[in-house]
Amino acid sequence: MLRFLLILQIVYSVYQDHYTIETGIPGINLPNLLFLVTLFLIATGNKDAEPAQPARLRRPLLLFFAALTIGFVIAQMRAPGDLMVDITYLKSAIFSPLLYFLYLRCKQDFKTTRLLVIVVAAVAAIAAVQAVRQGLDYGLGNYNETHRATGPFGSNISNANRAGVYFAMFLPMFIAIALFFRQFWWRLIALGCVGLLAFGLLVTYSRQSYFIALLGLTVLLLRRNVVLAVVIGVSLVSLAGYLPESVTQRVAETEQHGKHGEAEVDESTASRWEIWAGAMEMWKANPLGVGLNRFKTEIGNYSSFKHYDAHNFYVLTLAELGPQGLFALLLLWRALFSLGASLRRAAPTDNAEARALAFGFSVATLDAAAGCLYGSPFLQGPVMASYWILCGLLERYFHLLRERTDAGATPAGAPPQPVLAARYPLAARTLPRERK
């Protein structure tokens with residue numbers, strides 16, 4: 001039952017906007033209900049099934065939650081609105097990162113943890129299939145603003161950017177499998193999924209996602225083999241002319257020419273710059289932030305754009321939560337990159353699967369951070385829930401992998417080896433990192 005609920009949470013987290021199911025409980029949607037039931041089953045399960053290590057992201061996540069809560073209080077003090085709407089917004093902002101703790105402590109063995117990682121990847125591939133079908137239905141002729149694939153993230157075309165960031169974020173996981181795995185069939189499946197996500201990303205016509213995907217591909221190729229990176233880079237440049245006409249039109253829109261031939265950016269890009277300038281003025285007028293979920297109602301006082309999103313989560317965080325909120329967010333990103341680095345160090349050199357997962361996650365984290373530069377998907381559950389689930393699962397995966405390795409390396413019944421601190425007390429003081 002617990003395994004089924006864990007899989008259902010992974011699948012429905014992405015599809016919650018596509019298949020909306022009401023629970024009848026005010027403020028509680030189906031993902032929240034699944035979380036609570038799953039948490040109850042975990043809490044009442046076998047306590048010995050847990051790794052001993054503490055959660056690496058616990059402190060930075062709690063600090064970020066505190067910043068969100070302070071922002072909520074500031075919003076109620078300076079610009080009170082619909083309290084239930086604000087509480088729901090705060091709950092949604094905190095909920096997705098909580099999935100990290102749920103899957104880190106899911107009490108599943110190594111085999112099941114590995115299966116759950118595969119399910120996360122499979123859901124991303126299935127979501128890409130849906131976007132590909134939408135793109136083909138719309139056609140690949142001339143670019144049309146209303147014909148952008150959104151996948152499972154809702155029918156509104158504004159969700160196309162969310163879909164693009166999601167596909168760009170999970171693309172490195174499949175690229176890493178194709179690069180590091182030795183088994184032919186796994187590589188073939190991974191390449192097929194790369195094609196699906198890449199095509200699904202293209203038909204979202206999200207220019208920021210194009211850049212993010214290329215950034216992730218470049219980092220992975222350079223890490224794997226410099227010569228391979230150059231060869232594939234040259235091949236991609238030569239194949240650029242074969243992209244659908246609608247894609248090249250979308251990219252060409254970024255730079256336009258004025259009446260006198262001078263270079264200009266398109267209206268969408270120019271509007272972001274004005275919104276960001278207005279956000280800076282908003283922060284100067286409210287040094288502690290305007291409060292959680294108050295940017296859209298306030299930006300009209302500082303720019304010509306009313307009820308607009310910041311289109312940059314770092315700018316949004318500074319304007320709403322103040323410098324303390326931005327500091328908490330940056331500490332959280334630092335912890336996420338540190339988690340990726342620890343996974344890479346823990347991956348055995350002879351374990352292709354572990355190396356692929358570690359490097360794929362590290363680049364996925366880079367892409368997720370880059371996705372917040374030109375959009376605000378960080379607090380959106382359908383986009384980020386899978387990422388937080390992956391954080392918990394991979395941390396658990398490498399804990400269990402290390403336990404399996406240690407169990408295989410130590411003969412049964414062999415006496416435990418004394419640690420450095422017991423054998424050489426003075427050396428342990430000189431080298432405190434070697435105490436363990």
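Visitor: At 15% relative accessibility, does Arg162 count as buried or exposed?

Guide: Arg162 counts as buried at that value of 15%, where buried means under 20% relative accessible area, exposed means over 50%, and partly exposed lies in between, with a 1.4 Å probe and protein chains only. Please keep in mind that this is a predicted model, in which local features need pLDDT of at least 70 and side-chain atom pairs count only at pLDDT 80 or more, while totals for chains, interfaces and linings use all residues. Residues are numbered from 1 along each chain as its sequence is written, and side-chain values use heavy atoms, with hydrogens and water left out.

Visitor: In which helix does Arg162 lie, and which residues is Arg162 in contact with once its neighbours within four places in sequence are left aside?

Guide: Arg162 lies in helix H6, helices being DSSP runs of H or I with at least four residues and strands runs of E with at least two, numbered from the N terminus. With those neighbours left aside, Arg162 is in contact with Asp17, Phe153, Gln380, Pro382 and Val383, a contact being heavy atoms within 4.5 Å.

Visitor: How many salt bridges does a search of the whole structure find?

Guide: Side chains of opposite charge can pair when their charged atoms come close. Here the search finds 5 salt bridges, each being a side-chain nitrogen of Lys or Arg within 4 Å of a carboxyl oxygen of Asp or Glu. One of them joins the side chains of Arg162 and Asp17, at 3.3 Å from N to O. Arg162 is in helix H6 whereas Asp17 is in the loop between H1 and helix H2 (30-43), so this pair ties together parts that are 145 residues apart in sequence. Asp17 is partly exposed, with a relative accessible area of 36%.

Visitor: Which residue forms a salt bridge with Glu298, and which with Asp86?

Guide: Glu298 pairs with Arg78, and their closest N and O atoms are 3.0 Å apart. This pair links distant parts of the chain, with Glu298 in helix H12 and Arg78 in helix H3, 220 residues apart. Glu298 is buried at a relative accessible area of 10%, while Arg78 is partly exposed at 35%. Asp86, in turn, forms a salt bridge with Arg294, the closest N and O atoms being 2.7 Å apart. Asp86 belongs to helix H4 (residues 83-104) and Arg294 to the loop between H11 and H12, so the pair ties together parts that are 208 residues apart in sequence. Both partners are buried, Asp86 at 5% relative accessibility and Arg294 with a relative accessible area of 6%.

Visitor: Where is Asn286, and which residues does Asn286 touch beyond those up to four places away in sequence?

Guide: Asn286 has its place in the loop between helix H11 (267-285) and helix H12 (295-298), and it is buried, with a relative accessible area of 13%. Not counting residues up to four places away in sequence, Asn286 touches Arg78 and Tyr302. Sequence and space can also be set side by side, since Asn286 and Leu321 are 35 residues apart in sequence and 9.8 Å apart in space, C-alpha to C-alpha.

Visitor: At what angle do helix H3 and helix H13 pack?

Guide: Two packed helices are described by the angle between their axes and the distance between the axes. Helix H3 (residues 58-78) and helix H13 (residues 313-346) pack at about 170 degrees, with their axes 8 Å apart; the axes are lines fitted to C-alpha atoms, for helices over the stretch in contact, and angles run from 0 to 180 degrees between N-to-C directions. H3 and H13 are therefore roughly antiparallel to each other, given that angles under 35 degrees count as roughly parallel, over 145 as roughly antiparallel, 65 to 115 as roughly perpendicular and the rest as oblique. Among the residues that meet are Leu61, Phe64 and Leu68 in H3, and Leu321, Ala328 and Leu332 in H13.

Visitor: How many helices and strands are in the chain, and what percentage of its residues count as buried?

Guide: The chain has 17 helices and 2 strands, and 48% of its 436 residues count as buried. Among contacts with a separation of 6 or more, 75% come from residues 24 or more positions apart.
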